[in-house]
Amino acid sequence: MNNFKTPAAWEISHLISQNDWVFTITDTEKDRLSASIKSVFEEDRDLFDYSVNEFDFGSSWNAIAKAFSEALHGKGLAIVRGLPREDLSHDEFRLLSWAIGLRAGVARPQGLASQYIAAVRDIGTDYRAANGRGYSSNAKLDFHVDVADLTTLTCYNKAKSGGQSMISSGVTAQNYLINERPDLAEIAYQYFYFSRQNEQASDETSFYGLPLFEEEDGNLFCNWNRNRVQSAQNLEGVPKLSAAQKETMDVLDEILTRPELMYTMYLEPGDMQVLNNHTMFHSRTDYTDFESESEKRFLYRLWLAPPDSIKLPESWRDFYRSIEPATVRGGIRGQSYDKVCADFDKKHARFLNMKIDS
């Protein structure tokens, strides 16, 4: 176990004093990008059928690319502001989110239905159920990571109240844990077991094991999802949590919510948030929606495998299916992953000069 001094080991004071993780596109770039999306959009066309070369990002890609680099290799998070929103429909904004993903990496499936882009909105899901997922509920979420190298959230509508995004550095949290409770830090480097929330593919078990923190090639990898750990306790074959593990979970969550560590923000319409799931833990407050369907909180989420990814620890192989850098890895393959999905993965991997996962 080591204390890490990297750009991702930030406290809130660092984010506030250094605005180098926020990127804004100009009005001219915004108009050009909006026109490009509208010219390419076809109502009945499948997202897999679009090519990245069809979209004209112009100079806006300079800011977007810097945001992805900052998230992957720098502070672990970035915001892009000023994406076109006012004159785009839901479906056009969805295509914009997808087009950015096409250029930045290979999108990964996100659940039981093997969906490659998720609508983040409240459809009444019970977050605490055995198959519960937070993105389709309005509940307050536990701190967690997603199953991909990078997550993007593009905001179409914000909630009437609530829905505040919360981000804490897992790297800083590990440093705190080592300094304050080295006994629990050792526990955090041991295996915890996580439920797949009944979304496992046919070749996967109903749960997987991972440490909360692990080092590989001088990099720290962070993993946490209390909801999935608690759900896994109801599954056959999962070891029961020890008293030390429960205390580790509680202390970690307490550290993550400390005022000096937990950064909060509201995503505004036209904002895109980019997060590194290996270094950042994220959450969200509960929220109240507008009555009007057209005004309800609505974001689009992508999970991405970027071409400049780094090697993962060996223990992550079951979780990500591949640990090698520059491979198409991660995601929740689900139960509808078929030849169409596999062909998209292979085709886009070739375009980005990436290797395909198993």
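Is Cys 341 buried or exposed? In this predicted model, Cys 341 counts as buried, because its relative accessibility is 6%, and the legends below begin with the cysteines before turning to other parts of the structure.

**View 1. Two buried cysteines in a structure without disulfides.**
Cys 341, at 6% relative accessibility, counts as buried, and Cys 155 is buried as well, with a relative accessible area of 1%. When the whole structure is searched for disulfides, zero are found.

**View 2. An open sheet of three strands, with a helix lying across two of its strands.**
Strands of a sheet pair through backbone hydrogen bonds, and this pairing is either parallel or antiparallel. The sheet in this view is open, follows the order S12-S7-S14 and has antiparallel pairing. Strand S12 (263-265) and strand S14 (280-284) stand at the edges with a single partner strand each, so that one side of each has no neighbour in the sheet. On average, and with direction ignored, neighbouring strands of this sheet are turned by 20° against each other. Strand S7, which covers residues 165-169, runs antiparallel to S14 and is joined to that strand by five bridges; Ser 169 stands opposite Met 280 in S14. Helix H5, made of residues 170-180, lies across S7 and S14 and runs at about 50° to S7.

**View 3. Two asparagines in the loop between S11 and H7.**
Asn 223 and Asn 225 are both found in the loop between strand S11 (219-222) and helix H7 (226-232). Asn 223 is buried, with a relative accessible area of 1%, and Asn 225 counts as buried at 9% relative accessibility. Leaving aside neighbours within four places in sequence, Asn 223 is in contact with a set of residues that includes Leu 210, Pro 211, Leu 212, Phe 281 and Trp 316. The C-alpha atoms of Asn 223 and Leu 212 are separated by 4.7 Å, although these residues are 11 residues apart along the chain. Asn 225, again not counting residues up to four places away in sequence, touches Phe 143, His 144, Val 145 and Phe 194. Between the C-alpha atoms of Asn 225 and Leu 141 the separation is 9.7 Å, while the two residues are 84 residues apart along the chain.

**View 4. A buried glutamate in strand S10.**
Glu 216 lies in strand S10, which spans residues 213-216. Glu 216 counts as buried because its relative accessible area is 18%, and the cut-off for buried is under 20%. Residues up to four places away in sequence not being counted, Glu 216 touches Phe 221, Lys 311, Leu 312, Pro 313 and Glu 314.

**View 5. Aromatic rings that pair and cluster, and charged ends that sit over rings.**
A pair of aromatic rings is described by the distance of the centres and the angle of the planes. The structure holds 22 aromatic pairs, and one of them is the edge-to-face pair of Phe 48 and Tyr 116, with 4.9 Å from centre to centre and 90° between the planes. Phe 48 lies in the loop between helix H2 (27-40) and helix H3 (60-73), and Tyr 116 in the loop between strand S3 (106-107) and strand S4 (118-120), so this pair ties together parts that are 68 residues apart in sequence. Phe 48 and Tyr 116 are both buried. Elsewhere, Phe 194, Tyr 208, Phe 221, Trp 316, Phe 319 and Tyr 320 form one aromatic cluster. The charged end of Arg 45 sits over the ring of Tyr 50, 4.1 Å from its centre, and the charged end of Arg 333 sits over the ring of Tyr 337, at 4.3 Å from its centre.

Key:
Residues numbered from 1 in each chain as written. Predicted model: local features only at pLDDT ≥ 70, side-chain atom pairs only at ≥ 80, totals over all residues. Heavy atoms only, no water. Pairing = 2+ DSSP bridges. Helix = DSSP H or I, 4+ residues; strand = E, 2+ residues; numbered from the N terminus. Axes fitted to C-alpha atoms, helices over the stretch in contact; angles between N-to-C directions. Contact = heavy atoms within 4.5 Å. Buried < 20%, exposed > 50% of the residue type's maximum accessible area, 1.4 Å probe, protein only. Disulfide = S-S within 2.5 Å. Phe/Tyr/Trp six-rings, centres within 6.5 Å; stacked < 30°, edge-to-face > 60°. Lys NZ or Arg CZ within 6 Å of the ring centre and 35° of its normal.
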